[in-house]
Amino acid sequence: MAAVQETVDKVRTLDVDAYKYGFTTDIESEKAPKGLNEDIVRFISAKKNEPEWLTDWRLDAFRRWRTMAEPKWARVHYPPIDYQDLYYYAAPKTAEGPKSLDEVDPELLRTYEKLGIPLREQEILAGVQADPNARKVAVDAVFDSVSVATTFKAELAKAGVIFCPISEAVQTHPELVKKYLGSVVPVTDNYFATLNSAVFSDGSFVYIPPGVRCPMELSTYFRINERNTGQFERTLIIADKGSYVSYLEGCTAPQRDENQLHAAVVELIAMEDAEIKYSTVQNWYPGDSEGKGGIYNFVTKRGDCRGDRSKISWTQVETGSAITWKYPSCILRGESSRGEFYSIAISNGYQQVDSGTKMLHLGANTSSRVISKGISAGHSQNTYRGQISAHRKAKNARNFTNCDSLLIGNSCGAHTVPYIEAKNSSAVFEHEATTSKISDDQLFYCMQRGLSAEEATALIVNGFVRDVLQQLPMEFAVEAQKLIAISLEGSVG
Amino acid sequence: MLEIENLHVSVAGKKILDGLTLKVADGEVAAIMGPNGSGKSTLSYVVAGRSDYEVTEGSIKLDGVDLAEKSPAERAALGLFLVFQYPLEIPGVTTMTFLKAAINAQRKARGEEELATPDFMRRVRDAAKKLNISQDMLKRPVNFGFSGGEKKRMEILQMALLEPKFAILDEMDSGLDIDALRVCAEGVNALRSKERGLLVITHYQRLLDYIAPDTVHVMHKGRIVRSGGPELALELEKSGYADYAEEAA
């Protein structure tokens with residue numbers, strides 16, 4: 001209960017509508033001219049000093065993108081986006097990319113400190129000494145279009161783990177990037193993924209060699225700072241045979257009146273007996289109480305269980321963004337491979353969420369599990385959209401889906417759209433779904449026992465999401481619990 | 001001491017309580033009996049502070065403190081406890097978590113220290129044993145999938161742990177078989193004390209065989225129409241409520 005109490009205290013100290021991460025950092029940046037054309041794509045590629053094959057790959061994506069149309073099937077509404085009115089590249093101004101933390105602009109470091117992300121390894125190490133139970137987390141921080149600092153590189157290198165900005169991996173490990181980039185989310189996959197392929201700026205690259213259990217949690221922290229700037233990061237994680245990695249991702253953005261576009265692509269590849277655990281705490285600026293501003297979070301995340309007995313697990317806590325459009329998915333190609341999706345999606349104010357997963361069973365004896373908890377409050381709309389399919393060769397494919405929605409108040413909506421398709425008769429798919437409402441009776445019951453309305457709501461919501469919170473790494477679970485209470489602030493009358 | 005003075009209450013414009021006056025002293029066990037629709041449950045909700053009931057006239061005081069402006073949580077911290085006729089289920093929240101949250105919220109409101117976990121565990125274990133509540137039940141979500149009897153025993157457990165100054169038992173006997181009723185009634189009797197007042201709301205004399213009241217009040221159309229000793233309940237059992245309806249009219 002300490003955590004719940006802490007959450008509630010935290011909520012009380014905040015003003016209504018106060019988005020904690022809404023500050024901007026005053027830092028000089030270098031931008032590409034507004035708009036998008038082949039020259040801009042070449043400009044980005046040249047800035048990153050990319051080899052010709054990658055420039056061509058981007059240009060090919062750009063040409064494809066121009067022939068495509070924005071998807072309209074999701075239950076989200078927004079005015080047309082003027083893609084020519086955005087900046088596609090913004091980088092904090094430094095002569096060269098930072099070689100070490102000492103070369104990073106102190107203003108940037110202060111920004112990350114404000115966000116609670118300790119970049120300085122010394123501080124982390126000091127923390128470890130103070131608390132022997134604290135685990136080390138290696139952080140890659142991405143500010144607008146570039147990665148500004150990656151910590152613990154040396155220690156990871158000892159284990160043979162590569163963890164660096166993808167722009168750096170293009171230079172240092174071109175063979176790996178070339179082999180795997182676009183192999184899970186093809187260039188032509190969908191409108192936003194194709195756009196990302198053309199203009200992606202930075203993101204993280206992870207390679208875990210065969211048999212290695214990554215010695216610490218890996219984490220990337222994304223921050224949009226510049227006005228009118230799209231963020232298009234690209235993450236590529238490869239877990240080679242028999243390896244294991246747990247990866248965390250966090251995101252925030254300043255409070256701005258205009259909407260900002262975020263179109264990321266994440267590709268995961270798990271080889272034989274490998275396991276990848278990917279956790280996200282997404283807290284982009286959601287817009288104000290009237291629904292003005294906020295991030296459009298149009299993201300493509302997909303994992304490929306390429307090897308037999310491989311496993312990919314997605315856990316997400318989605319509290320931010322004006323619009324969320326994302327479906328972290330698993331392609332269960334290897335025999336006996338397993339995919340998991342655990343999700344908490346919270347919408348308040350005028351937020352719109354259309355999120356879920358796809359579990360594509362291709363191999364025999366593949367299994368998957370989907371636990372989705374949607375919480376809608378205020379005037380928000382929250383949709384779970386999921387696809388479970390079994391190929392005709394996917395003998396004995398199994399899926400269990402549990403999809404629960406919780407409504408707070410009378411002006412919000414919860415929707416569930418499952419697609420289930422089995423092409424062989426040995427597949428067993430189970431789907432459970434519930435929709436409930438925090439009733440006045442439940443609140444009154446808790447209040448009669450001495451809890452305030454806020455405490456009662458926090459308690460009920462934490463109970464509702466418990467199954468999923470348990471899937472998060474410890475440090476993130478505590479943060480997520482706080483975030484949930486803050487996101488729901490003002491939802492009880 | 002609970003003092004209700006000339007209480008008028010409406011729900012959605014409809015008058016439910018119509019000038020109800022009632023005093024229950026410390027240590028007293030008062031029973032309210034009455035037919036369906038006489039406003040018995042409304043009375044318990046209003047005293048506990050449920051927001052959809054509008055008090056148009058009159059006052060409710062607990063130990064001299066006017067409750068009019070107090071929230072349900074504040075009333076709970078002042079020592080008011082309601083045994084619900086239909087206890088609510090809270091999925092995902094274990095009973096232990098809930099109990100600890102409730103106890104500490106009340107202690108905090110009274111400016112007391114939080115209860116240390118070992119102390120809390122010991123108190124719960126002792127109280128649970130008396131009510132025949134298993135450790136397994138305490139680990140399950142609050143009232144979730146409990147039988148009627150289990151839910152009521154859990155209510156009495158909460159009452160035992162929260163140690164209220166005044167408790168209202170709203171039709172505690174509904175949904176209970178005779179064995180469960182006996183266990184719950186014994187639990188309540190164990191909590192009778194010189195400092196604690198109890199208001200027992202019921203349809204039937206049966207419950208009063210187990211929890212012997214000091215005073216009995218008959219409620220009809222939103223007011224107390226007759227008051228007396230335990231013999232009044234026995235009389236009612238024989239003659240029913242029809243006579244009192246006429247008397248009130």
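How many residues of chain B are in contact with residues of chain A? The legends below address this point and two further close-up views of the predicted model.

**View 1. The contact between chain B and chain A in the predicted model.** In this view, 24 residues of chain B are in contact with 18 residues of chain A. On the side of chain B that touches chain A, at least two residues each come from helix 2 (72-77), strand 7 (90-94) and helix 3 (95-109) of chain B. Helix 3 of chain B gives the most to this side, with eight residues. By residue type, the side of chain B that touches chain A comprises 16 nonpolar, six polar and two charged residues.

**View 2. Asn49(A) in a loop of chain A.** The loop that holds Asn49(A) lies between helix 2 (38-47) and helix 3 (52-66) of chain A. Although Asn49(A) is not a glycine, its phi is positive, at about 55°. Asn49(A) counts as exposed because it has 10 C-beta neighbours inside 10 Å, and the cut-off for an exposed residue is 12 or fewer.

**View 3. Asn6(B) in a strand of chain B.** Asn6(B) is placed in strand 1 of chain B, which covers residues 2-11. A positive phi of about 45° is found for Asn6(B), although Asn6(B) is not a glycine. With 13 other C-beta atoms within 10 Å, Asn6(B) is partly exposed.

Conventions:
Residues numbered from 1 in each chain as written. Chains lettered and ligands numbered in written order. Predicted model: local features only at pLDDT ≥ 70, side-chain atom pairs only at ≥ 80, totals over all residues. Helix = DSSP H or I, 4+ residues; strand = E, 2+ residues; numbered from the N terminus. Buried ≥ 20, exposed ≤ 12 C-beta atoms within 10 Å, placed from the backbone. Contact = placed C-beta atoms within 7 Å. Nonpolar A, V, L, I, M, F, W, Y, C, P; charged D, E, K, R; others polar.
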